[in-house]
Amino acid sequence: MYNIVVGGGKVGFYLTKQLLEEGHEVLLIERNPEKANLVSDTFGAVVLTGDGAEAVTLASAGAARADVVIAVTGEDEDNLVVCQTARQKFHVAKTIARVNNPKNEQLFRMLGVDVTVSQTNHILHLIEQSIPDRPFLHLLSLRHADLAMVEARITDESVVAHKAIGEIDLPVDCVIAAISRGNHVTVPTAATELLPGDDVIAVTRVDQEDELRRLLCTDC
Amino acid sequence: MRVVVMGCGRVGARVASNLAHNGHDVAVVDTDPRAFRRLPPEFPGDTIIGTGIDEDVLRSAGIESATVFIAVTNGDNRNIMAAQVARMIFDVPEVICRIYDPVREDTYRRLGLTTVCPTTTVSAMILDHVIGAVPRRGLED
């Protein structure tokens with residue numbers, strides 16, 4: 001698989017290293033000659049010095065035959081333009097952008113970037129998950145159709161405790177996928193009753209996450 | 001008419017003060033507060049410190065009620081991204097974006113942005129003068 005990585009900072013450096021170790025063909029594009037030299041001193045001739053947002057640079061990098069273009073510079077606007085140019089001019093099948101402002105994830109996907117990676121969001125979610133006894137957790141964002149996987153702990157105070165799933169008025173695009181009770185995980189049916197202490201795993205549209213939170217957790 | 005101008009360089013300041021002078025409701029956004037010195041002292045519009053690629057900054061510049069958005073910072077990519085935010089998220093009817101790189105300008109014009117490329121415009125003007133001058137010399141000879 002031929003990967004073009006744009007941006008030779010720390011993320012680009014280690015990404016290139018990892019991809020090379022996994023046996024992929026990689027070319028790193030870096031604007032700053034000093035940084036580019038550092039990478040070529042370490043990994044050999046896998047570096048092109050230039051501006052990855054420029055069509056000329058992408059052309060000489062062989063973008064037309066690239067399977068993936070990954071933009072990991074420190075600037076959201078540069079990453080967006082790299083991905084859009086790769087897609088529009090070179091018809092690259094898959095573009096991946098690093099996003100610094102979490103709000104840009106949705107925008108980038110609207111603008112045709114296939115995958116976005118937000119370090120800020122990632123760290124936030126890790127912090128959330130490491131706080132004990134949080135009744136409602138965002139587990140992960142699914143890349144299609146703005147879906148998220150969440151986990152909710154049912155308590156004695158929950159309005160939905162001791163109710164069958166069929167009786168609960170769930171938001172439209174929201175599915176309870178699994179219930180973890182003690183050491184067992186079950187796939188619920190409409191007749192399954194939610195009990196205090198249950199961990200409910202649900203898949204929901206991102207914009208309904210808050211509604212689901214209010215429904216499942218009265219105390220959060 | 002509400003106009004949001006991103007980038008208070010020579011062009012941004014000139015466009016903003018001209019529009020304000022003509023009675024329009026203008027907001028100028030720039031990351032560097034010193035850039036606002038380029039505006040005339042009597043400038044009646046708003047000045048907002050921040051980057052125009054941030055939705056929240058654009059909101060505080062009144063983009064939600066804007067008819068026109070003009071992206072004229074020195075960064076092509078910043079202008080391109082802000083212009084797309086204005087168009088896709090805030091549905092601003094008229095979005096104008098300056099792009100120095102002619103190839104990039106071509107790409108985004110095809111994608112539907114209203115673009116201005118100083119490189120091609122200024123080169124064309126200079127060439128016009130030069131080529132316009134050459135035959136005259138040829139005739140004199």
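**Notebook: the sheets, the folds and the contact of chains A and B**

I began with chain B of this predicted model, where six strands make an open sheet in the order β3-β2-β1-β4-β5-β6 with parallel pairing. I take two strands as paired if DSSP finds at least two bridges between them, and I take helices (H or I, at least four residues) and strands (E, at least two) as DSSP runs numbered from the N terminus. The edge strands of this sheet are β3 (46-49) and β6 (114-116) of chain B, each of which pairs on one side only. Neighbouring strands are turned by 20° against each other on average, direction ignored; the axes are lines fitted to C-alpha atoms, for helices over the stretch in contact, with angles from 0 to 180 degrees between N-to-C directions.

A note on conventions: residues are numbered from 1 along each chain as its sequence is written, while chains are lettered from A and ligands numbered from 1 in the order in which they are written. As the model is predicted, local features need pLDDT of at least 70 and side-chain atom pairs count only at pLDDT 80 or more, whereas totals for chains, interfaces and linings use all residues.

**Chain B, sheet and helix**

I next looked up the pairings inside the sheet. β1(B) is joined to β4(B) by four bridges, the two strands running parallel, and in β4(B) I found B:Ile70 as the bridge partner of B:Val5. Strand β4 (residues 68-71) of chain B is also joined by four bridges to strand β5 (residues 94-98) of chain B, again in parallel, and here B:Val68 stands opposite B:Glu94 in β5(B). Helix α3 (residues 76-88) of chain B packs on the sheet, where it touches β1 (2-6), β4 and β5 of chain B, and its direction makes about 175° with that of β5(B); for contact I use C-beta atoms, placed from the backbone, that lie within 7 Å.

For chain B as a whole I noted five helices and six strands, which run β-α-β-β-α-β-α-β-α-β-α from the N terminus on. The C-alpha trace spans about 65 × 35 × 25 Å along its principal axes. Of the 141 residues of chain B, 39% count as buried, that is, 20 or more other C-beta atoms lie within 10 Å of their own, where 12 or fewer would make a residue exposed and anything in between partly exposed. Among contacts in chain B between residues at least 6 apart in sequence, I found that 45% join residues at least 24 apart. The average pLDDT of chain B (the predictor's confidence in each residue, from 0 to 100) is 92, and 94% of the residues score at least 70.

**Where chain B touches chain A**

Which helix supplies the largest share of the side of chain B that touches chain A? The contact takes 16 residues from chain B and 17 residues from chain A. On the side of chain B, α3 and α4 (102-110) each supply at least two residues, and the largest share, seven residues, comes from α3(B). I sorted this side of chain B into eight nonpolar, four polar and four charged residues, with Ala, Val, Leu, Ile, Met, Phe, Trp, Tyr, Cys and Pro counted as nonpolar, Asp, Glu, Lys and Arg as charged, and the others, Gly among them, as polar. The model scores ipTM 0.84 and pTM 0.77.

**Chain A**

In chain A I listed seven helices and 11 strands. The radius of gyration, taken over C-alpha atoms, is 22 Å, well over the 17 Å that the globule rule gives for 220 residues, so chain A is more spread out than a compact globule; the rule is 2.2 Å times the number of residues to the power 0.38. The C-alpha atoms of chain A fill a box of roughly 65 × 30 × 30 Å along the principal axes, and 30% of the 220 residues count as buried.

An open sheet of five strands in chain A has the order β7-β8-β11-β9-β10, with antiparallel pairing. At its edges stand β7 (136-142) and β10 (184-186) of chain A, each with a single partner strand, so one side of each is left without a neighbour in the sheet. Three bridges join strand β9 (residues 174-181) of chain A to β10(A) in antiparallel fashion, and A:Ile179 stands opposite A:Thr186 in β10(A).

Lastly, I asked whether A:Glu34 is buried or exposed. A:Glu34 lies in helix α2 (residues 33-43) of chain A and counts as exposed because it has 9 C-beta neighbours inside 10 Å.

Key
Contact = placed C-beta atoms within 7 Å.
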